[in-house]
Every structure is written in structure tokens, then in C-alpha cells.
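Hi,

Here is the structure I said I would pass on. Have a look at it first, then read my notes underneath.

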Amino acid sequence: MARRSIPYLAAATGGFVLAYLVVALFIFPARLVSSDLPVPNVTGIDWAAAKAKLETAGFKVARGEQRYTTGAPEGAILSQSPAPGSIEPKGSAVVLDVSRGQRSGEVPRLVGLTRQQAEMAIQNAGLDIGDVTAMADDAPRGQVLSTSPEAGARVPIPSAVSLVVSDGPGTVHVPDVTGQDYASARSLLGQLGFVVGRVTVDTASTFPPNTVVGQSPAANSSAPAGATITLTIAGGT
């Protein structure tokens with residue numbers, strides 16, 4: 001009796017195995033045939049080459065973030081997700097972050113501005129303040145005479161813009177500050193580039209206290225820019 005059932009048992013077992021293989025191959029093929037692939041490394045190469053390399057390897061390509069980067073040319077791949085070497089399903093998307101290259105800016109027009117105004121304009125343009133050189137010129141003291149690079153030039157950000165400013169004329173006419181109060185006289189002389197030095201008090205003067213009653217060099221004489229002016233002020237009781 002047992003021998004008679006063996007053929008039936010073998011047939012049933014073979015049918016079960018065949019049915020399992022059919023289900024495994026056609027309904028759940030991924031369990032037997034893997035479609036996962038390693039993601040190629042495309043960082044550092046340009047967009048077109050990276051896209052071709054990934055598509056040849058069986059992946060789709062998506063553009064991610066674009067940002068300015070120092071040292072990476074425009075179009076270069078900065079990073080990728082998933083990471084290089086990771087195992088991903090065939091046909092899945094790889095997101096690439098792309099360089100926009102070095103950020104650049106335009107040097108603003110600065111000639112004719114005061115040094116303070118020029119430095120503010122440089123900073124507002126995203127640039128750095130470079131060397132500031134003074135030279136004798138008929139322009140008012142502190143006025144910008146030239147820049148390097150020149151206005152309108154496009155430069156990488158950050159870059160430094162150097163200034164040449166006026167140190168005032170080589171010689172300056174000394175103004176007459178007698179009769180003015182000391183604070184006003186000091187302010188005027190400072191604006192013209194002079195330095196107020198020693199101050200002498202004349203206790204015998206009949207002018208109101210702190211009134212300038214004498215100066216050296218004399219009024220309307222010529223003196224080098226930045227020269228020291230000594231004043232005499234009234235100091236009566």
C-alpha cells in the first residue's frame with residue numbers, strides 16, 4: 001500500500017515545487033533576481049559628464065541645490081545623494097548639488113566720495129577694504145582720487161578694493177581764526193588738515209575768555225598740509 005502511494009507523493013511534491021518557482025519568479029522576482037546597483041561617484045566632475053555616467057549605470061538624475069563655491073568651477077558636482085558606493089535600486093534618482101562657481105561683484109564708483117563714504121560703499125557691495133594711501137592733491141582732504149580695481153570691474157567676492165585719497169594741497173593758506181572762540185577755531189583748523197599745538201593764555205587780554213587773540217603761523221600765510229598751529233587765547237578773570 002505504501003509503495004503504491006509513492007508516485008502520488010512524488011507528483012504532489014514536484015507540483016508544489018513547480019508552483020513555488022512560478023510564484024517566486026513571476027510574482028516576487030526581486031527576491032531571486034536583485035536589481036540593486038552601486039551608485040557611481042560623480043563628485044567633482046561637470047554636470048553633463050555626471051549625468052551621463054549615472055544614466056549609463058542605470059540611475060535617473062535630479063538637480064539639487066545650486067550654490068556659489070570658492071574653488072569649484074561653475075557646473076561642477078559638489079555632492080550627491082545617495083552617497084557614492086551605496087547600493088540602490090536600478091532606476092532610482094540620484095540628486096546632485098551643483099556649483100554656481102565663484103561669486104563675483106562689481107566695484108562701485110568711489111572717486112569723489114569721502115573716505116568714509118567709499119568704505120561704506122565697498123562693504124555694501126560685499127567687498128573688502130584694501131590699502132588706503134594718501135597723497136597731496138588740490139582735492140579736499142580725505143576725498144577719494146582713485147581705486148584699484150577701477151569702478152565697474154567685476155571681481156571675485158571677497159576681494160579687496162584699495163583707495164588713494166587726497167591728503168589736501170601740498171601747501172594750505174592758514175585761515176584767520178582770531179576773534180573766534182577756541183572750540184570753533186580748533187574745529188576749522190582740523191577740517192583743513194592742521195593740527196592745533198600749544199595754547200598760550202593771555203591773562204591781560206580784554207577779549208572774552210577762550211577767544212583766540214593770536215596765532216602762529218599768521219593768518220593768510222602758507223603752511224604745509226598737516227602743519228601745527230599754535231594759538232593764544234584770552235584768559236582774563
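Below are my notes on one sheet, the helix that goes with it, and one loop residue.

Before anything else, bear in mind that this is a predicted model.

Let's start with the sheet. It is an open one with 3 strands, in the order β7-β10-β8, and the pairing is mixed. The edge positions go to β7 (128-135) and β8 (144-148); each has a single partner strand, so one side of each is left without a neighbour in the sheet. From one strand to the next, the twist averages 20°.

If you want to look at one pairing in detail, try β7 with β10 (residues 160-166): these two run parallel and are joined by 6 bridges. Along that pair you'll find M135 opposite S166 of β10.

Then there is helix α3, residues 115-124. This helix lies across β7, β8 and β10, and its direction is at about 160° to that of β7.

The other spot I looked at is T211, which sits in the loop linking β12 (195-202) and β13 (212-216). Is T211 buried or exposed, loop residue that it is? Its relative accessibility is 8%, and the cut-off for buried is under 20%, so T211 counts as buried. The T211 side chain reaches the backbone oxygen of P208, at 2.9 Å. Setting aside neighbours within four places in sequence, the contacts of T211 are G179, Q180 and D181, along with T232, I233 and A234.

That's what I have for now.

Cheers

How values were computed: Residues are numbered from 1 along each chain as its sequence is written. This is a predicted model: local features need pLDDT of at least 70, side-chain atom pairs count only at pLDDT 80 or more; totals for chains, interfaces and linings use all residues. Side-chain values use heavy atoms; hydrogens and water are left out. Two strands pair if DSSP finds at least two bridges between them. Helices (H or I, at least four residues) and strands (E, at least two) are DSSP runs, numbered from the N terminus. Axes are lines fitted to C-alpha atoms, for helices over the stretch in contact, and angles run from 0 to 180 degrees between N-to-C directions. Contact means heavy atoms within 4.5 Å. Buried means under 20% relative accessible area, exposed over 50%, partly exposed in between (1.4 Å probe, protein chains only). A polar contact is a pair of N or O atoms within 3.5 Å; within protein, one must be able to donate a hydrogen and the other to accept it, and residues adjacent in sequence count only if both atoms are side-chain atoms.
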